[in-house]
Amino acid sequence: QLAEWAKLVNEPSISKDGVQVELVANIGTPKDVEGALHNGAEGVGLFRTEFLYMGRDELPSEEDQFAAYKAVLEGMEGRPVVVRTLDIGGDKKLSYLPLPEEMNPFLGHRAIRLCLDRTDIFRTQLRALLRASVYGKLKVMFPMIATLNEFREAKKLFLEEKDNLAKEGIPTADHIELGIMVEIPSTAVLADQFAKEVDFFSIGTNDLIQYTMAADRMNEQVSYLYQPYNPSILRLVKMVIDASHKEGKWTGMCGEMAGDETAVPLLLGLGLDEFSMSATSILKARSLIRKLSKAEMEKLAQEALQKSTVEEVIELVKNAVK
Ligand code: PEP
Ligand code: MG
């Protein structure tokens, strides 16, 4: 099997009936680029930037960040790279940035909420990203977006920094797609409105599942409620994909679910455009997609959406994909 997968490194991710999707990697540092390419990644679907801020005693400088973003963009040699802006707070704390203790950190002052409050931190990251944008195909994604106003505000700051750089005579790429993570149910429900303004969506199922089911993703005692195949989650995923396509935009997924064997047939059927996963899952997923018919998976997904429990969905997929 490993030998069979290895042959697919430079092959397209295309279904049996000729529909192409993109299989890309989740990475956490520039060092991960090598592994991504080695495993046949067609790009980076999620570059988590938290590593730049963690394990140190002060905020990373614009130069530090610029070097990291440039290294990834150059390393990916023109393939698309989706960089997620800082997603700190919640369970991820920084020693040099004391934040008040919160009763519910996962529902608290984190990610884009923190960045729109501490615009000094956010602007530094945006400048570093903009400066790096000339070294490859950069797309920028904002985490934990709950309202359209948050996206508009983040976009405004991005465009202001782009203007500032232009005035300083520093070049930036002409067009940089700006997207959002869909990981809060309000955003999935309102995806048709978001789709008019964002360039793309990337569904963050790790958080979307925990917020939809009201089940802490770290809590063992409620892990039985962490159900990627619950029809409610599949319906939200469908809403987001359909909304994006209606506006000519694309939808990816960068939560763990995107690389899961049971999920891939359903996601292909639901029309997902980009699957972002750990590098080591890419070739296996590509091999699977090349054996599936998109038209058949569409029917499978339609059936799954009509089921009432997670067990029924899993049973359905297992029987259809043997
Ligand atoms: C997610 O929430 O699905 C996601 C990809 O982000 P993280 O796991 O970093 O919260
Ligand atoms: Mg998340």
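I will go through the shell around ligand 1, two annotated residues in it, and helix α13.

This is a predicted model, where local features need pLDDT of at least 70, side-chain atom pairs count only at pLDDT 80 or more, and totals for chains, interfaces and linings use all residues. Residues are numbered from 1 along each chain as its sequence is written, with chains lettered from A and ligands numbered from 1 in the order in which they are written.

Ligand 1 first. Around it are L46, R48, D87, E183, G204, T205, N206, D207, C254 and G255, taking a C-beta atom, placed from the backbone, within 6 Å as near. Two or more residues come from each of β3 (44–48) and α9 (205–213), and α9 gives the most, 3. Helices here are DSSP runs of H or I, at least four residues, and strands are runs of E, at least two, numbered from the N terminus.

Now the annotation. An unreviewed UniProt entry marks E183 and D207 as "binding site"; such annotations may be inferred rather than shown by experiment, and positions follow the numbering used here, with feature names shortened. They are spread over 25 residues of sequence, yet the largest C-alpha distance is 5.3 Å. E183 sits in the loop between β6 (177–182) and α7 (185–189), while D207 is in helix α9. E183 is buried, with 26 C-beta neighbours inside 10 Å; D207 is too, with 22. The cut-off for buried is 20 or more, for exposed 12 or fewer, and partly exposed is in between, with C-beta atoms placed from the backbone.

Last, α13 (residues 294–305). Its buried residues are M297, L300, A301 and A304. They fall within an arc of 100°, so they line one face, the arc being that of directions from the helix axis to the C-beta atoms. On the other side, A295, K299 and Q302 are exposed.

Terms used:
Expected span 1.5 Å × (residues − 1).
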